[in-house]
Structure formats: structure tokens, C-alpha cells
Amino acid sequence: MSKRRMIRLLPMMVGSLLLLLQCSKQPASPEEGPSIVLRLMSASAGSPRIGKVPDRTPAPAQPLFRGMGQKKVDLVRVMVLDFSAYDTSWQYFDSEDYEQYRRARDSWPGDLKYWGEWRRLLGNFFRVVADQALTIEGDVAKGTVTGVVGLNYLCVAMIEADTIRYWGEGEVMAQQGHPAHAAVQVWDMAPQVYFLEVRPHFVLLKNGLTQRFRCLAYYSDGRAVDVSRDASWSLEPGIAGTLDNTGLFTASMQAPGQETVYAAFAGDTAQAMVMVEPAVLLFSDDFEDYTANTFPSRGGWQELSPGVSSMVSRSYAFSGVQSLRHESSPGHPRRDLLSVSWGDSVTIQVSVLLRETDKGAMIGLYNRKAAGDEAFVNWVEFAEDGKIYAARRDERVELRAYEPLMWYTVRVELAMPYARVFIDGEQAGSVFFPANAQWDALVLAAKDIVSGSSVQYYDDIRCTRP
């Protein structure tokens, strides 16, 4: 977790580099100060969760550990900060001193999820009057600490395995000779979702094409987790397409229009927009209608170079349960063709998964009248270096990195004089594509390799034109 994010997620702290220099009141020593009795309260249902600045509204007086004995909190520590230069904490938060402190803490090099690091930081800015442990009796923590005359600010941490599990804060105005009671508000520091995002945020999609949306949950400990399969998906108005329970959107064959994709997770909701544009679906194959372990010849596919094998497989699938598996070996690349005659303005979409990143695969346009490698007109390459490229014979543009055993949807839009390439719905780059380029087939290729075998899977192949 990054230092800056951790700092921003914790409740607002206090202190300033100039606070002691500007104090007009001389604080008493800890031995002379009054005793402060703490009453710990858990955050009420209406209180903001961690990741937002607490509003310090009153909360019901409930013992923090009541009913929470299984959390295994090892230690409860309290710091008392001498805040007597101010009559209220709000005076401090509105002051220039606080702004100086806030800027200073943003550059603090330590990790503030540990109590010792907070102690070191605060001790550098102003006087820490007390730092002591409370007593845990069953499911209740209690204790008496020593403060100073005037305003005391209290920082409480419930520590588990040397890491702050709960964080609390409060304040009390203490007078000499009078007991002081402080109610400390406490927040759960366990990682919580504080932001939800659907990717991509906006997609232009042709009739008949598909788009896989992902739902990312950003947690208070800095993690971004893909929760697509755990999220609840919905679509409005649902006229120009459909959405399944994994976030896969399929544009209508005919109806264009605008759709809003919603994902709900952990009490939060995020959305994305799809604009479906008119197009004619020329070809579609998801390999669901073939017998497993056979070549899909009745779908129009042709073997260009035999390689090791090409067959319908149930090992991996982008949608449904089947895909097309390619395998090649040293000296035996695998290439399959699909005859086309679609003209210059066409969109081609293919989902691909590679078993390894050091073998490589290609999806491209092919000219069967040309010889050798000259037959490849324009292609998207999953290269052996773990990167995706858009390429033609005299140009190669790096798009992004890829990982093994993950599906990537490649969409190529021919709009002369360029071929625009989209990866997972987001434009990644483009290459020059002259209007006079000759091609008559779509090619799927498992590349020739030096050793071992190269295995790739292709699914949801779709082609459209305006």
C-alpha cells in the first residue's frame, strides 16, 4: 500500500511544526496533569467508513469490543497530544499550522499503518504528553491516561500482529483538580471498498459485436481487485444489447442506441456507457456448434499450414464452453484461414488467450495470391517478448503488455488510410493501411517456435461492415 494513500485514508490527525513555538500556555508535565478516563465507542452506522474524513458527529456509547472478541486485538494504545494552544480542535483545523502539518505528512517516508511510525511522526511535530497501553478485559478495553490542563487530543489504536486494526480519535478539555472523561470514536481499519470502477468507461460498438466489461474494486489498503465475477450486473434500457452475469455485453444485431452498464459490489455501484452503431454482421463464430476435438471445417475454416493440430476445445472459452485451439511445434507453424471479400471498411473482432508468453500468436489479414511472409498484409501480434504489436511489413507499433492464461479481445477497424486497433474495448494504437492493399482472408496463426510447443485459443470471432 502506498504511503500517500494510507495517509489520506486515516482520519484527520493533528499537529504542526510551529505549534510549540506559538503556544501561549505553558503545558504541565505529565506527572502534574489531570487523569483522563476513556470511554471507547464503535462507529455508528451513519458514520463514514475509513477512506473518508470522519465528521465527528456524536455516536452511541457502545463498548468497542462488545461482540467483537474474535477479532484478536492484541493491544490498545493511547497517545495524548498537547493541544492546549487552541480552545477547540476546529480552530486548529482551520489554521495555517494544520496546512503546514498536512503538507509535511504527505512527504513522510514511513509506513503509517504501524503505531510506532505514527508515534515518531507526531513526536516530530509537537509534544506527545502520554503514550501508554490500555487494559483489555474480555471484550472491553479501558484505562486511565494522563493529560495536560487545556485541550487534549487523543489518538487510539487497536493493534493486531503489530498492525493497526482499529483507529480512534477524540478530544477532552481538562482542568486542574477535576476528572476528565473522553469519548473516543473508533473506526474499523480493515480493508474496505472505497471506490468502484467499470472498465472501459465508454465504448463505441458495432451491431453484433461484443464487449467484456470489468469491475474493479479499490480497497483502503491500496489494492485494486477485479471483482467482475462477484459483481451484480445490469443494463438500461436493454434495447440495443444484452448483458450477462459476467459483464459480457452483446450488441443487438439490428437496433442501435445507447446503453448504460451497471455493476454493484459491496454496497457500491459504478457504471459505463455503450454506444451501439449501425452495422451489418458478416460473420460470427463462437465454436459452440461444433463437436469437441474436431476441426471446424463446416464453418468455412481452412487449414493453411498443418502445424501440430487445430481443433475445437473445451479447455478455455471466452464465452460459452468451447473455443478453437491451435498448437505448433518447431518448424511447424499452425495457420488457419477464413475466406473473406468484405472490401476496405470492415471491423474484425477476435478474443485470444495464450498459454505462454514466450511463444507468440498472430491475427491478421492475408493475401493467398502472395508468397511466403508477403502474404501477411496487416496483423496484430502477440509477440514472444510479452507485448502486443500492431504491424504490417514496414511498420510495427507497440500497443501494450499481455499475460498468459488471460483473454484479450482484439478489434481491428479498417478506416482508410489506417487500421485502428482496440484491446479490450480501448483504442491502443493504429497502423497505416493503404486503400489498395489486397487481401482475401482472415488468418489465425500459432507462430513457428524454436523449442517446445506453442498453444493458443481463439473465440468469439465476428466481422461487420457499415
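1. Two strands are taken to pair if DSSP finds at least two bridges between them. Strands are DSSP runs of E with at least two residues, and helices are runs of H or I with at least four, both numbered from the N terminus. On these terms, Glu-236 stands opposite Thr-260 in strand 18. Strand 18 covers residues 257-265 and pairs with strand 15 in the antiparallel sense over five bridges.

2. The model is predicted: local features need pLDDT of at least 70, side-chain atom pairs count only at pLDDT 80 or more, and totals for chains, interfaces and linings use all residues. Residues are numbered from 1 along each chain as its sequence is written, and side-chain values use heavy atoms, with hydrogens and water left out.

3. Strands 15 and 18 belong to an open sheet of four strands, ordered 11-19-18-15, with mixed pairing. The edges of this sheet are strand 11 (202-206) and strand 15 (232-236), each of which pairs on one side only. From one strand to the next the twist averages 25°; axes are lines fitted to C-alpha atoms (for helices over the stretch in contact), and angles run from 0 to 180 degrees between N-to-C directions.

4. An open sheet of seven strands runs in the order 21-24-33-26-27-28-29, and its pairing is antiparallel. Strand 21 (301-306) and strand 29 (395-401) are at the edges with a single partner strand each, so one side of each has no neighbour in the sheet. The twist here averages 20° from one strand to the next.

5. Within the seven-strand sheet, strand 24 (residues 334-339) and strand 33 (residues 441-446) run antiparallel and are joined by six bridges. One facing pair is Ser-339 and Ala-441, the latter in strand 33.

6. The largest nonpolar core has 39 residues, and those with the most contacts inside it are Trp-301, Ile-363, Phe-382 and Val-410. A nonpolar core is a set of buried Ala, Val, Leu, Ile, Met, Phe, Trp, Tyr and Cys residues joined through side-chain atoms within 4.5 Å. Buried means under 20% relative accessible area, exposed over 50%, and partly exposed in between (1.4 Å probe, protein chains only). Elements giving two or more residues to this core include strand 26 (361-366), strand 27 (376-382), strand 28 (387-392) and strand 33, as well as strand 30 (408-415) and strand 34 (454-465).

7. What does Trp-301 touch? Leaving out residues up to four places away in sequence, its contacts include Phe-283, Phe-287, Tyr-290, Phe-295 and Pro-296, along with Leu-337, Leu-338, Leu-442, Leu-444 and Ile-461. Two acidic residues, Asp-285 and Asp-336, are also among them. Contact means heavy atoms within 4.5 Å.

8. The structure holds zero disulfides, a disulfide being a pair of cysteine sulfur atoms within 2.5 Å. Cys-155 is buried at 0% relative accessibility, and Cys-463 is buried at 0% as well.

9. Pro-404 lies in the loop between strand 29 and strand 30. Its relative accessibility is 37%, so Pro-404 counts as partly exposed. With residues up to four places away in sequence left out, Pro-404 touches Leu-354, Arg-355, Glu-356 and Thr-357. Pro-404 and Gln-456 are 52 residues apart in sequence, and their C-alpha atoms are 9.8 Å apart.

10. Two of the residues touched by Pro-404, Arg-355 and Glu-356, form a salt bridge with closest N and O atoms 3.0 Å apart. A salt bridge is a side-chain nitrogen of Lys or Arg within 4 Å of a carboxyl oxygen of Asp or Glu. Arg-355 is partly exposed at 31%, and Glu-356 is partly exposed at 21%.

11. The whole structure has 17 salt bridges. In one of them, Asp-226 and Arg-214 have their closest N and O atoms 3.1 Å apart. This pair links distant parts of the chain, twelve residues apart: Asp-226 is in strand 14 (residues 224-226) and Arg-214 in strand 13 (residues 214-219). Both partners are partly exposed, Asp-226 with a relative accessible area of 40% and Arg-214 at 33%.

12. Is Glu-413 buried or exposed? Glu-413 counts as buried, at 10% relative accessibility. Its salt-bridge partner is Arg-420, with the closest N and O atoms 2.6 Å apart; Arg-420 is partly exposed at 33%. Elsewhere, salt bridges link Arg-77, Arg-119 and Asp-131 in a network.
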